[in-house]
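I open this notebook page to record what I looked up, entry by entry, and in the order in which I looked.

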Number of protein chains: 4
Amino acid sequence: MQPDQPVRTGRAKRLPRAVRERQIMDAAVDVFSRLGFHAASMDEISEVAGISKPMLYAYLGSKEELFATCIRREATVMMEAIANGIEPDQPPDVQLWSGLRAFFGFVGENRASWQVLHRQASSQGGPFAAELAEMRGRAVNLVAALLVHATKTQDVPSASEQEAESLAAALVGAGESLADWWLDHPDEPAGVVASRLMNLVWMGFGDLVQGNIWHPPSKRP
Amino acid sequence: MQPDQPVRTGRAKRLPRAVRERQIMDAAVDVFSRLGFHAASMDEISEVAGISKPMLYAYLGSKEELFATCIRREATVMMEAIANGIEPDQPPDVQLWSGLRAFFGFVGENRASWQVLHRQASSQGGPFAAELAEMRGRAVNLVAALLVHATKTQDVPSASEQEAESLAAALVGAGESLADWWLDHPDEPAGVVASRLMNLVWMGFGDLVQGNIWHPPSKRP
Amino acid sequence: MQPDQPVRTGRAKRLPRAVRERQIMDAAVDVFSRLGFHAASMDEISEVAGISKPMLYAYLGSKEELFATCIRREATVMMEAIANGIEPDQPPDVQLWSGLRAFFGFVGENRASWQVLHRQASSQGGPFAAELAEMRGRAVNLVAALLVHATKTQDVPSASEQEAESLAAALVGAGESLADWWLDHPDEPAGVVASRLMNLVWMGFGDLVQGNIWHPPSKRP
Amino acid sequence: MQPDQPVRTGRAKRLPRAVRERQIMDAAVDVFSRLGFHAASMDEISEVAGISKPMLYAYLGSKEELFATCIRREATVMMEAIANGIEPDQPPDVQLWSGLRAFFGFVGENRASWQVLHRQASSQGGPFAAELAEMRGRAVNLVAALLVHATKTQDVPSASEQEAESLAAALVGAGESLADWWLDHPDEPAGVVASRLMNLVWMGFGDLVQGNIWHPPSKRP
DNA sequence: TATGAATGAGGATTCATTCAT
DNA sequence: CATGAATGAATCCTCATTCAT
């Protein structure tokens, strides 16, 4: 991400605060994603960012605050990417499909962000639990809303809130897990992976084992 | 779990080695599950175990070895629980169903074990990556095998290995995520949660939104 | 040496790195010489140096690195003192004599340095063996070269390399041992001690017991 | 020394105290010589000795006591070997020669003993200083007495006590150093090494560089 | 503002030594 | 007598955090 980080030397140029902050957070995301929260040291982050440690503290507070800020930023960016990807005013399956595509697209292009969000964040029990639970909660709610909406358009008793939420949680987990799997098998294109998950959650194994497959609408007759 | 940890005082009673070892590992699982690998200190583990640190090292080796041993033990126990729960010689859906029931049953009754396995373990990059990847890999392979087997009994082109593996990874992730969700909503019975996941992965949303639901065989005509 | 080490309190004054480094190494040599490598603790060294342990590590690395650095510094200083003391272009006996004078002069004025070099260093088997063997080796080679040179100016079959080396080793050992003895009998002047060794190795007991004594050239007729 | 130490198992046979003690001290000398005082652990010593740690303590006290006892025993044995080797009623040079032969003979056949005495012992500042100083002092005195005796048989003013002692110290140091050198060049026979030292200290470099060599009496006309 | 210098606090690990069986 | 089990007390080392320039 920051190729060829030259050994910093001398005094850093004065930069507008916003730019500095971005610079620092990029470095932090890089380091956190590589080493995890605990193993990452403020020393390394400041080095990668090209500034001195006191600046780090002046700009972004303690290590925990910095981590939380990173999480928030990355999560927001990702959620926006997904939200932008979803095509509203389309039937539920198409909405889901576009959401999945956006998600895997984002992961593919922002590995570091994804790793910070998923791997590092989920394990740190303490002060991030809240932060993260909220982030993840947003994703789950998005999916749950979609499910509820889909149910309502049908003539079936709408699912209970708990049910929708739990199904959404499962779906989100499936996405996360599949994204991780994908990182270890990067040769497959994003679309293929997304379509697998789409088939799993929309058609179910029951159909899949019978050869019934879900296709994007453009390919449908 | 061990509320009111009394301050240990005096010399610990002499116990045969095997007993002490189990005692220590139970304590370790408890602490690791609460705090995560890094935040857990050998001091606290030894305190919870009711022994001195040197015993910890004498019996279980370094912190990393201890952690790995915990993971192995918990994973083995869980995998056995699931394997025992699966009813062989049944159609694929029933096998899957029984596996899911066993899984959620285990999680419900062994929260600490589950947390060590899922949350703590997934993030520690270092020497546990291998250990854990293998454990999770076993679970994924179990599911993948089931999928492949299901496909073969049908008259469809059997899924590629990659496809089966990725679907299995997704399913496992869904299970993990749902199990976590469940820990935050403990009022629901295990069976209900398991059945939700079963419906999701077997029927798919496509069916669910139309009111089609999967039922355990005993309820089928 | 530093009696009444006052309890350090408050923050140490800011000093340029080079100065601090010297200060620390002086302290380290002091402590190592008094206690030996193993018994010396980084805690005590940092206390004597008047700084906190983290500075110790920041500046000089691990305990082993610190020790090795001390050895190197002291050995270099001593070897330079000796090399500077030797008068080249003089007959072998005069060269030897000036070397011995320089050696005892150095030991007399740098007791701590000497003790680190001799007592502490020789026993630590581990990573210093190499370091030290090299240092001592240099001294031995210096003497051996002198011997070989002396032989060549005469009309005798020049000594084998092994022979020269072993004799040099013996001489160096005699010097070391005599220096140690001297530390316990500090009332004798350096010149007297040096002259005793000179007589021993140049004249030999055979002459000594007959009253034949070696004199510095200025006193010769 | 104790080849093929079998893993001890079960209860040690009851043995008379003296035998046990020897067994333990042999093990201790072995371990101390290999690892040095600090690095040697009571655990390893007890293992090598084939008994349990409490026995170690029961028989030989603390680690320091054990070490001191080892030193004493080895030193005594060595001193006896040398004393036995010296031929009394012979001229001083022959006495010295026989003493040197005995010394190098002992070192060659008891490397472990020698290493404990020389390398390990000299560096441990604390409680062994006394012990060791005394041992070494005995050797020095032996040599000093020889020198004084030699002087008296001549018609020269007998050397001062200090002078004799310092010369003896130098000679002992030369012997030690040469013995160490020999350990690193074991291909040379003991006699050759001894004779080198004899020539150095009896004839002196002054004679050696002129080709004058000391020969054992049997070869003299 | 920007930083080199400095530290308090804590964590893993080892060892000599001793009970209790 | 002989031992497996147990521990107090150190020791090395690291890191988040802050002062003083």
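**Entry 1: between chains A and B**

I began with charge pairing across the interface of chain A and chain B, where the rule finds zero salt bridges. I note for the rest of this page that the model is a predicted one. Polar contacts were my next search, and between chain A and chain B I count 14 residue pairs in polar contact, with both residues at pLDDT 80 or more. On the side of chain A that touches chain B, at least two residues each come from α6 (111-123), α7 (128-153), α8 (161-184) and α9 (190-208). Of these helices α8(A) gives the most to that side, with 13 residues. When I sorted the residues of the side of chain A that touches chain B by type, I obtained 19 nonpolar, 15 polar and seven charged.

I then looked up the extent of the interface, and found 41 residues of chain A in contact with 42 residues of chain B. The area buried between chain A and chain B comes to about 3,500 Å², and carbon and sulfur atoms give 64% of it. Which residues of chain A lose the most area to chain B? They are A:Gln162, A:Phe205 and A:Val209, which together make up 19% of what that side buries.

**Entry 2: how the copies are related**

I superposed chain A on chain B and noted a rotation of 178° with 0.0 Å of shift along its axis, at an RMSD of 0.4 Å. The residue of chain A that comes closest to this rotation axis is A:Gly204, whose C-alpha lies at 1.7 Å. Because 98% of the interface residues of chain A are also interface residues in chain B, I write down that the copies meet through the same surface.

For the other two copies, a turn of 178° and a shift of 0.1 Å along the axis lay chain C on chain D with an RMSD of 0.5 Å. I enter this as the relation of a two-fold axis. The same surface serves both of these copies, in that 95% of the contact residues of chain C recur in chain D.

**Entry 3: DNA strand F**

I turned to the DNA and listed 43 residues around DNA strand F, of which A:Lys53, B:Arg14, B:Arg20, B:Pro54 and C:Lys53 come nearest. Among the atoms of DNA strand F that come within 4 Å of the protein, sugar and phosphate account for 60%.

Which part of DNA strand F lies 2.5 Å from a polar side-chain atom of A:Lys53? I found a base oxygen there. For A:Tyr57, by contrast, I recorded a polar side-chain atom 3.1 Å from a phosphate oxygen of DNA strand F, and for A:Lys63 a side-chain N or O atom 2.8 Å from a phosphate oxygen of this strand. The elements that give two or more residues to the surface near DNA strand F are α3 (53-60) of chain A, α1 (17-39) and α3 (53-60) of chain B, α3 (53-60) of chain C and α3 (53-60) of chain D. The largest share of that surface, four residues, comes from α3(D). By type, I divided the residues near DNA strand F into 18 nonpolar, seven polar and 18 charged.

**Entry 4: DNA strand E**

I repeated the search for DNA strand E, which 41 residues surround, the closest being A:Pro54, C:Arg14, C:Arg20, C:Pro54 and D:Lys53. Sugar or phosphate holds 58% of the atoms of DNA strand E within 4 Å of the protein, and the rest belong to bases.

Looking at phosphate oxygens of DNA strand E, I found one 3.0 Å from a side-chain N or O atom of A:Ser52, and one 2.9 Å from a side-chain N or O atom of B:Lys63. At C:Lys13 I noted instead a backbone N or O atom, 2.9 Å from a phosphate oxygen of DNA strand E. In the surface near DNA strand E, α3(A) has the largest share, with four residues, and the residues of that surface divide into 18 nonpolar, seven polar and 16 charged.

**Entry 5: salt bridges**

Finally I searched the whole structure, which gave 36 salt bridges over all chains. One that I looked up is formed by B:Arg138 with B:Glu134, whose closest N and O atoms are 3.7 Å apart. Both B:Arg138 and B:Glu134 lie in helix α7 (residues 128-153) of chain B, four residues apart, which is about one turn of the helix.

Key: Residues are numbered from 1 along each chain as its sequence is written. Chains are lettered from A and ligands numbered from 1 in the order in which they are written. This is a predicted model: local features need pLDDT of at least 70, side-chain atom pairs count only at pLDDT 80 or more; totals for chains, interfaces and linings use all residues. Side-chain values use heavy atoms; hydrogens and water are left out. A residue is near a molecule or strand if one of its heavy atoms lies within 4 Å of it. A polar contact is a pair of N or O atoms within 3.5 Å; within protein, one must be able to donate a hydrogen and the other to accept it, and residues adjacent in sequence count only if both atoms are side-chain atoms. Ala, Val, Leu, Ile, Met, Phe, Trp, Tyr, Cys and Pro count as nonpolar, Asp, Glu, Lys and Arg as charged, and the others, Gly among them, as polar. Copies are superposed by least squares on the C-alpha atoms of residues with pLDDT of at least 70 in both. Contact means heavy atoms within 4.5 Å. Buried area is the accessible area (1.4 Å probe) that two parts lose on being put together, summed over both. A salt bridge is a side-chain nitrogen of Lys or Arg within 4 Å of a carboxyl oxygen of Asp or Glu.
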